[in-house]
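Reader: I have just opened this one and I am not sure where to begin. Could you walk me through it?

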Amino acid sequence: MLLNTNNTQINIKCQQYSCSRFRFEKDNTELWLEFQSTQETTEVCCQYCGERSVDIHDNYTTTLIDMPIWTDIRQYITVTYHKYKCRSCSRVFNEDICFKDPDARVTDRAAIWVQALLKYGLCISSVVRLTGINWKAANLIHKRVMDEALTSRKQYLKAIGYKPTYLAVDEFAIHKGQKYATCVMDLDTGEVIWVGKGRATEDFRKFFLEYDMENLSDVKAFAMDMNASYNKLVEEYMPGVDIVYDRYHMQAQFGKEVLGVVRLNEARKHRDNAQDIKEILVGETDPDIRRKWKQEYKEERKKYSDIKNSRWPILTSHSNLNDDKKEALDRILKEHNDIAVCYAMKEELCRLFDLDDPGEAREGWISWFEAAKASRIEPLKHFAELKEKRLEGLIAHSVHHISTGKLEGLNNKIKVAKRVGYGYRDDDYFFTLVRYISIPKNYMIIPQKF
Ligand SMILES: [Zn+2]
């Protein structure tokens, strides 16, 4: 059939549909096959009452995208089908199109091709270009493939009696920080078990309402960022489950809100000193005194820029620094009491997270908070006052060494997924994709770049 555009005759039959006409359009870039229903009303039973008493009520034509025979020639099928009306029950129904995909406006065989192309590694944009199938239909087919994989994974886990013991919850941005989603991960398998729109407490409540809680009866602990109010809902719906605050969120926040602020305060002092000296120099004529002040000015500017540039050395672990950086950092710490105190508090904070004895952890955290509050360094005091309320969740880290780190790792995969499909415009598709990329690879049809 259709060996070339000249002198070709076709006669295709598929059940009650027959096609004997085709046409090329748009400078031979589109091929249209025209199918007509040849079904006799005497062959049709009413869908509703089963009586063989229908009339043709109307005729409709629909367009389906088909798998192209040639590259760069898109292939469409128009199908003219009947709408029947039953004389017996007066209801109206459409004639079935046996070669149409149940969800998308594509032929069955095109859908099978799309699934296969995705399976063999083509990304969705290539599939769209090659087949002429639109994004919406390609995403729909892809979603179906993913849903099947997720269902079969779920059935497997259920069959072996698997239940998660450690969970983590965190938010992630969908559109460059404009839109957020909340994600729950099983930390043992690394699988995302739930994704929901939004990041407010009430958005997270949907997890407890939608998810099969029976499956969570073995959960021991839940890791989370202490800035969100996730803990309240875990306490409400999963009493007895330990809340563990994520160390990386807390360390990062300490770095930004305490060390960062104190460091910039000190830097600013040197910058202001330099400015003052500059003003003195304007009125000073004695060359000796001028030289002395100029020297002083240079030193203040240097201290200013040293502190400004010390962000990374202060935040990172001392053992990661080379000798030059170590020396520069030690000099800053020696000359600036506030920075030195906060730096020591950071080191202690990291040590406390490494403990695995809850008694020792409790004692350690209590002294840490006491010392911070007694320090008279405002950002440090403020930080301690806020975090002290979360004491139990900090101590719990010594019993359950879990964090939301694995969930952050998924963030990179999500970023790639966003580039692969335009599907993130559709939340339902995108959330399925997030869960799909977290299940073991043997369940997956993996589009390129995943
Ligand atoms: Zn009927």
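Author: Let us begin with a pair of helices, keeping in mind that this is a predicted model. Helices α6 and α7 cross in a left-handed sense, and the residues that make the contact include Arg263, Ala267, His270 and Ile277 on the α6 side, with Trp293, Tyr297, Tyr304 and Ile307 among those on the α7 side.

Reader: What classes of residue does the contact of α6 with α7 have?

Author: Sorted by class, that contact has 9 nonpolar, 2 polar and 11 charged residues. Among the residues of the contact are Glu266 and Lys278 of α6, as well as Lys294 and Glu300 of α7.

Reader: And at what angle do α6 and α7 pack?

Author: Helix α6, which covers residues 247-283, packs against helix α7, residues 287-308, at an angle of about 160°, and their axes are 8 Å apart. Angles over 145 degrees count as roughly antiparallel, and α6 and α7 are therefore roughly antiparallel to each other.

Reader: Okay, switching to α4 and α5, are those roughly parallel or antiparallel?

Author: The axes of α4 (residues 201-210) and α5 (residues 230-237) cross at roughly 30° and come within 9 Å. With angles under 35 degrees counted as roughly parallel, these two helices are therefore roughly parallel to each other. The crossing of α4 and α5 is right-handed.

Reader: Which residues make the contact there?

Author: On α4 they are Thr201, Phe204, Arg205 and Phe208, and on α5 they are Tyr230, Lys232, Leu233 and Tyr237. By class, this contact of α4 with α5 has 5 nonpolar, 1 polar and 2 charged residues.

Reader: Which strands does α4 lie across?

Author: Helix α4 lies across β7, β8 and β9, and runs at about 130° to β9. Helix α15, residues 427-436, also packs on the sheet, where α15 touches β8 and β9, and its direction makes about 160° with that of β9.

Reader: So what is the strand order in that open sheet?

Author: The sheet has 5 strands in the order β9-β8-β7-β10-β11, and its pairing is mixed. At the edges are β9 (191-197) and β11 (242-245), each of which pairs on one side only. From one strand to the next, the twist averages 25°.

Reader: How many bridges join β7 to β8?

Author: Strand β7, residues 166-173, and strand β8, residues 180-186, are joined by 7 bridges and run antiparallel. If you want a place to look, Ala173 stands opposite Tyr180 in β8.

Reader: Let me jump to the start of the chain. How do β1 and β2 run?

Author: They run antiparallel, with 3 bridges joining β1 (residues 12-14) to β2 (residues 17-25). Lys13 has Ser18 as its bridge partner in β2. The hairpin of β1 and β2 has 2 residues between the strands, and in this hairpin Gln15 takes a positive phi near 45°.

Reader: And what about β2 and β3, how many bridges there?

Author: Strand β2 pairs with β3, residues 30-37, over 8 bridges in the antiparallel sense, and Cys19 stands opposite Phe35 in β3. The hairpin of β2 and β3 has 4 residues between the strands, and here Lys26 is the residue with a positive phi, near 50°.

Reader: Stepping back, how many helices and strands does the chain have?

Author: The chain has 15 helices and 11 strands.

Reader: What radius of gyration does the chain have, beside that of a compact globule?

Author: The chain has 34 Å, whereas a compact globule of 450 residues would have a radius of gyration near 22 Å. Along the principal axes, the C-alpha trace spans about 110 × 60 × 35 Å.

Definitions and conventions. Residues are numbered from 1 along each chain as its sequence is written. This is a predicted model: local features need pLDDT of at least 70, side-chain atom pairs count only at pLDDT 80 or more; totals for chains, interfaces and linings use all residues. Axes are lines fitted to C-alpha atoms, for helices over the stretch in contact, and angles run from 0 to 180 degrees between N-to-C directions. Angles under 35 degrees count as roughly parallel, over 145 as roughly antiparallel, 65 to 115 as roughly perpendicular and the rest as oblique. A crossing is left-handed if the near helix is turned anticlockwise from the far one by less than a right angle, and right-handed if clockwise. Two residues are in contact if their C-beta atoms, placed from the backbone, lie within 7 Å. Ala, Val, Leu, Ile, Met, Phe, Trp, Tyr, Cys and Pro count as nonpolar, Asp, Glu, Lys and Arg as charged, and the others, Gly among them, as polar. Two strands pair if DSSP finds at least two bridges between them. The radius of gyration is taken over C-alpha atoms; the globule rule is 2.2 Å times the number of residues to the power 0.38.
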